[in-house]
Structure formats: C-alpha cells, structure tokens
Amino acid sequence: MNNATDNAANTPPWPGDKLKKCVETEAKRLNREVEWVTEVVKFDGVIVRERRWWNFVKPIPPPKLPKLLKSERPFCGARCRDGHSCRARVVEDRRRCRMHGGLSTGPRSEAGRERIRESNRRRAKLKQV
Ligand SMILES: [Zn+2]
C-alpha cells in the first residue's frame, strides 16, 4: 500500500504542459476532443503497471430535431388543374409537394439567377402601372 502511494507521488504530472499543448493543437486540427486515459494494473494493491494514452473523441453533435412524418406535414395547397387546392403533403422543409415544385432547386447558375431577377423586375413594373 505504501509502495503505491510512493509510486503516485514519484510519477510526474501527466499529461505534462508540453504534451498537453501538442495533443490539444492536434485535436483542434482534427476537430476532435481529447480524452486522457490512465489505466492502472494493480497486484495486491500495489501498482504494477501504468498505461497512459489519449483518444481523439468525436464531439457529440447537438441532437437533431425529429423530422416530421409525411402525415404530419401540411398540405401543399397549390391550385390544381380542376380548380381544387392540392391535398398532397409538402416535401420536407419546403412549402409545396413534389408535383408542385417542392423538389425544385430554383435557379443555380449565375445566368439563371440573373434571368429570374430580370423577370421579377419586369413583373414589378407591370404591377406599378
Ligand atoms: Zn401539390
């Protein structure tokens, strides 16, 4: 027993400042957190062996909100050809169903975006008159 306490007192503080800094910068680079592990093997209460190492742990991502089921999502509501409003459910995180543009990505290229801008300008002008 006495031997064990002596052992603990004799071992240098771990991790040392230099090692700690080094490992932590590496963890930052990897976008991980450091877990310092000390494993002690005892025999008759005396520390026989000591193993020390560190793990780069993936930080736990914040819990994601549960996605709405299709039946919980609102109706699309677009006007159908027969005049009724669409009763299909909207695409996740969108406001229209898959048949009414819910899957559309919108203009992606710069030329496409400019085309939409021009169209909106033209329509705005028509409204003013
Ligand atoms: Zn629809």
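**An exposed loop residue and the elements around it**

In this predicted model, I60 counts as exposed because only 12 or fewer C-beta neighbours are allowed for that class and I60 has 7 inside 10 Å. I60 is placed in the loop between β2 and α3, the latter covering residues 110–128. Computed along the sequence, R32 and I60 are 28 residues apart, while their C-alpha atoms are 9.7 Å apart in space. The chain as a whole contains three helices and two strands. Their order along the sequence is α-α-β-β-α, with the two strands following each other between the second helix and the last one. Burial is scarce: of the 129 residues in the chain, 2% count as buried. Among contacts between residues at least 6 apart in sequence, 22% join residues at least 24 apart.

The strands are the next stop. Strand β1 runs over residues 33–43 and pairs with β2 in the antiparallel sense, over 11 bridges. Two of the bridge partners show how the pairing is laid out. E33 in β1 has V57 of β2 as its bridge partner, and V37 is bridged to W53 of β2. Between the two strands lie two residues, and the strands form a hairpin. D44, in the turn of that hairpin, has a positive phi of about 55°.

How many residues of these strands are buried? For β1, the number is zero of 11 residues, so β1 lies largely in the open. For β2, which covers residues 46–57, it is zero of 12, so β2 also lies largely in the open. A residue needs 20 or more other C-beta atoms within 10 Å of its own to count as buried, and no residue of either strand reaches that number. In a regular strand, side chains alternate between the two faces of the sheet.

Past the loop that holds I60 comes α3, residues 110–128. The 19 residues of α3 should span 27 Å at 1.5 Å a residue, and the end C-alpha atoms are 27 Å apart, so the expected and modelled spans agree. None of the 19 residues of α3 is buried, so this helix lies largely in the open.

Note on methods. Residues are numbered from 1 along each chain as its sequence is written. This is a predicted model: local features need pLDDT of at least 70, side-chain atom pairs count only at pLDDT 80 or more; totals for chains, interfaces and linings use all residues. Helices (H or I, at least four residues) and strands (E, at least two) are DSSP runs, numbered from the N terminus. Two strands pair if DSSP finds at least two bridges between them. Two residues are in contact if their C-beta atoms, placed from the backbone, lie within 7 Å. The expected span of a helix is 1.5 Å times one less than its number of residues.
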